[in-house]
2 protein chains.
Amino acid sequence: MRQGGHEIMRGVVFDGSELTFRGDLPDVEPVEGEVVLNVRLAGICDTDLQIARGYLGFRGTPGHEFVAETSEGRRVTAEINAPCGQCDTCATGRGNHCPNRTVLGIVGRNGAMAERVRVPERGLHPIPDALSDHQAVFIEPLAAALRILDQVELGSASQAAVVGDGKLGLLSAWVLRSTGARVTWVGKHPEKLALGGSGIATCVLSDVETQGRTFDVVVDATGSTGGLPTALKLVRTCGIVVLKTTVAGTYAIDLAPIVIDEIRVVGSRCGPFSKAIAALQSGQFDVTRLIEAEYPLERAGEAFQHAGRPGARKVLIRVR
Amino acid sequence: MRQGGHEIMRGVVFDGSELTFRGDLPDVEPVEGEVVLNVRLAGICDTDLQIARGYLGFRGTPGHEFVAETSEGRRVTAEINAPCGQCDTCATGRGNHCPNRTVLGIVGRNGAMAERVRVPERGLHPIPDALSDHQAVFIEPLAAALRILDQVELGSASQAAVVGDGKLGLLSAWVLRSTGARVTWVGKHPEKLALGGSGIATCVLSDVETQGRTFDVVVDATGSTGGLPTALKLVRTCGIVVLKTTVAGTYAIDLAPIVIDEIRVVGSRCGPFSKAIAALQSGQFDVTRLIEAEYPLERAGEAFQHAGRPGARKVLIRVR
């Protein structure tokens with residue numbers, strides 16, 4: 001039995017070597033405790049680009065930033081981590097770190113770049129009517145940026161810097177700014193840094209030495225091994241570096257400054273969806289400024305190529 | 001004018017290529033705000049061994065773990081960091097990180113491996129009569145271990161591990177244990193791990209995979225680039241790695257687990273002398289167990305050779 005009587009569906013699949021659109025993917029099977037959603041819109045994130053290069057070992061349909069509808073037509077999105085709910089890690093409230101978890105479109109679970117996606121019911125978040133699809137597709141990446149505020153205390157007396165002028169860098173800069181902290185956004189491309197808007201100071205990477213080691217908190221959102229060394233040039237003694245960068249492969253790095261200057265390096269990953277939804281509803285973050293292009297599902301291959309261009313902002317895939 | 005009328009003194013000097021005992025070092029000059037002390041006993045630490053290999057660029061008399069007497073015969077030791085007291089970093093209470101600081105026997109200031117040493121008056125700590133010289137010479141390294149408790153919260157429900165079976169590893173294990181935490185001490189040498197005593201579980205490095213990633217806090221006190229990767233095999237998700245290791249040169253390391261598992265890496269250096277003195281007075285740490293040998297000042301070269309043997313415990317230099 002298939003839900004709604006479908007047998008096949010349209011969607012994107014990565015088979016280990018190539019990412020392709022297919023018109024004949026097997027439809028999603030219903031499962032106890034999970035719901036099947038009709039996908040409206042999905043975003044391409046750097047993790048998806050890594051998946052398409054085979055870096056993460058994932059096979060199947062990617063996509064974890066999305067807006068969908070329940071069978072009753074209610075707009076929703078969903079948490080990307082699906083914890084087992086049974087293990088010690090889940091018992092201590094760290095379900096996002098459950099060793100048995102699947103992760104939507106990333107680990108052991110098909111994602112949202114298809115007509116339908118199945119997600120655990122308890123991970124669902126309704127999307128308020130006031131939010132457009134174009135705003136709501138940023139709930140997941142904004143939550144990841146908001147995670148920083150769960151981990152680090154900031155206030156109006158704080159000086160913060162964000163290294164990396166990509167999408168997560170901008171969202172992180174906005175999130176830090178929302179605390180009242182003074183924020184400096186550091187990147188390679190002046191034209192990208194211009195997106196920051198008022199209230200965010202900018203600095204091109206080549207001038208980073210002029211900033212001094214004055215920042216209480218520095219976020220590395222570069223996605224490259226150059227990010228942490230740059231962050232260590234900016235952070236003050238006893239300051240905090242928030243590491244958002246996951247890099248395939250190894251760093252060659254001198255960690256002695258971390259010890260000598262008693263720096264704290266804080267790994268930071270997924271964040272609170274409810275807070276992201278509330279922040280978008282309040283209108284404080286103009287996330288649609290980040291959208292560069294939207295492709296129909298059938299042209300997902302082109303969408304991925306576009307998203308992979310240096311300096312590309314957010315590329316979306318319209319499913320329905 | 002020289003204090004006490006001396007012109008020369010006996011002491012150790014590192015000239016950039018060799019560490020030697022000299023009978024004709026220029027005596028210490030008095031300076032406003034500082035006091036000249038008569039050294040009784042000094043300890044050799046791994047930093048001193050690095051100095052003797054020329055790694056730290058220091059020239060002069062090493063020695064920062066010591067017991068001395070004031071001109072009135074009162075036993076004292078002293079903080080090793082001498083902050084400027086004028087800069088922004090000092091103003092915010094982080095004098096140990098003052099960018100203009102000198103560090104006793106390590107940066108820009110002669111240390112205690114000589115008949116006399118000069119230290120800032122406000123860094124002096126009287127040594128209680130109840131403490132022997134052999135206990136008091138551990139005030140500085142014990143303070144460094146106690147620094148961990150300033151940075152990390154631990155309680156009887158905590159599971160902690162210390163990696164590295166050297167002197168700082170043992171002091172760290174004892175300090176963590178003193179909080180009531182369950183402590184596992186990990187090292188290469190079973191005969192060194194036997195020093196831990198009751199209440200400290202031990203694990204040889206080759207068995208580290210059997211421990212699981214279960215520890216809330218893991219201290220890397222290895223002094224080698226192998227320490228952090230081992231710590232990351234032991235720490236639980238959202239756990240803390242305290243990095244005590246400063247290594248000359250670079251790590252080649254995969255930092256992705258820090259982000260994915262949201263680990264906190266906390267650099268940790270010098271600690272609170274007053275707490276170390278109180279802890280030694282309370283008798284809770286049997287530090288003299290760590291002493292391996294004591295040499296007279298004239299035989300400092302031999303003492304350094306001894307301290308540099310693999311597995312050596314604390315080697316002391318008796319000055320008077």
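1. B:Glu262 is buried, at a relative accessible area of 4%; buried stands for under 20% relative accessible area, exposed for over 50% and partly exposed for what lies in between, with a 1.4 Å probe and protein chains only. The residue sits in the loop between α8 and β16 (264-267) of chain B. Its phi is near 50°, a positive value in a residue other than glycine. Helices (H or I, at least four residues) and strands (E, at least two) are DSSP runs, numbered from the N terminus.

2. On the basis of this note: the model is predicted, local features need pLDDT of at least 70, side-chain atom pairs count only at pLDDT 80 or more, and totals for chains, interfaces and linings use all residues. Residues are numbered from 1 along each chain as its sequence is written, chains are lettered from A and ligands numbered from 1 in the order in which they are written, and side-chain values use heavy atoms, with hydrogens and water left out.

3. A second positive phi in a residue other than glycine belongs to B:Cys238, with a value near 65°. B:Cys238 lies in strand β14 of chain B. Its relative accessibility is 23%, and B:Cys238 therefore counts as partly exposed.

4. How do chain A and chain B relate? A turn of 180° with a shift of 0.0 Å along the axis lays chain A on chain B with an RMSD of 0.0 Å. That is the relation of a two-fold axis. The superposition is by least squares on the C-alpha atoms of residues with pLDDT of at least 70 in both copies. Of the interface residues of chain A, 100% are also interface residues in chain B, so the copies meet through the same surface.

5. How many disulfides are there over all chains? The search of the whole structure finds 0, a disulfide being a pair of cysteine sulfur atoms within 2.5 Å. A:Cys270 is in no disulfide, and its nearest cysteine sulfur, that of A:Cys45, is 9.8 Å away. A:Cys270 is buried, with a relative accessible area of 15%.

6. In chain B, the sulfur of B:Cys98 has its closest cysteine sulfur in B:Cys84, at 3.6 Å, which is too far for a bond. B:Cys98 is buried, at 0% relative accessibility.

7. Helix α7 (residues 227-234) of chain B is mostly covered, with 6 of its 8 residues buried. These are B:Gly227, B:Leu228, B:Thr230, B:Ala231, B:Leu232 and B:Leu234. Among the elements that cover the buried residues are the strands β10 (159-163), β11 (182-187), β13 (215-220), β14 (235-243) and β15 (251-253), and helix α8 (256-260), of chain B. Contact here means heavy atoms within 4.5 Å.

8. Helix α7 (residues 227-234) of chain A is also mostly covered, and 6 of its 8 residues are buried. The buried residues of α7(A) are A:Gly227, A:Leu228, A:Thr230, A:Ala231, A:Leu232 and A:Leu234. They pack against elements of chain A including β13 (215-220), β14 (235-243) and α8 (256-260).

9. In chain A, at what angle do the axes of helix α4 (residues 139-151) and helix α9 (residues 273-282) cross? They cross at roughly 110° and come within 8 Å; axes are lines fitted to C-alpha atoms, for helices over the stretch in contact, and angles run from 0 to 180 degrees between N-to-C directions. That makes α4(A) roughly perpendicular to α9(A), on a scale where angles under 35 degrees count as roughly parallel, over 145 as roughly antiparallel, 65 to 115 as roughly perpendicular and the rest as oblique.

10. On the α4(A) side the contact involves A:Ile139, A:Glu140, A:Leu142, A:Ala143, A:Leu146 and A:Asp150, which meet A:Phe273, A:Lys275, A:Ala276, A:Ile277, A:Ala279 and A:Leu280 in α9(A). The residues of this contact divide into 9 nonpolar, no polar and 3 charged. Ala, Val, Leu, Ile, Met, Phe, Trp, Tyr, Cys and Pro count as nonpolar, Asp, Glu, Lys and Arg as charged, and the others, Gly among them, as polar.

11. A:Phe285 is in the loop between α9 and β17 (291-296) of chain A and is buried, at 5% relative accessibility. Leaving out residues up to four places away in sequence, A:Phe285 touches A:Leu142, A:Trp174, A:Val175, A:Ser178, A:Ala279 and A:Leu280. A:Phe285 and A:Gly197 are 88 residues apart in sequence and 11 Å apart in space, C-alpha to C-alpha.
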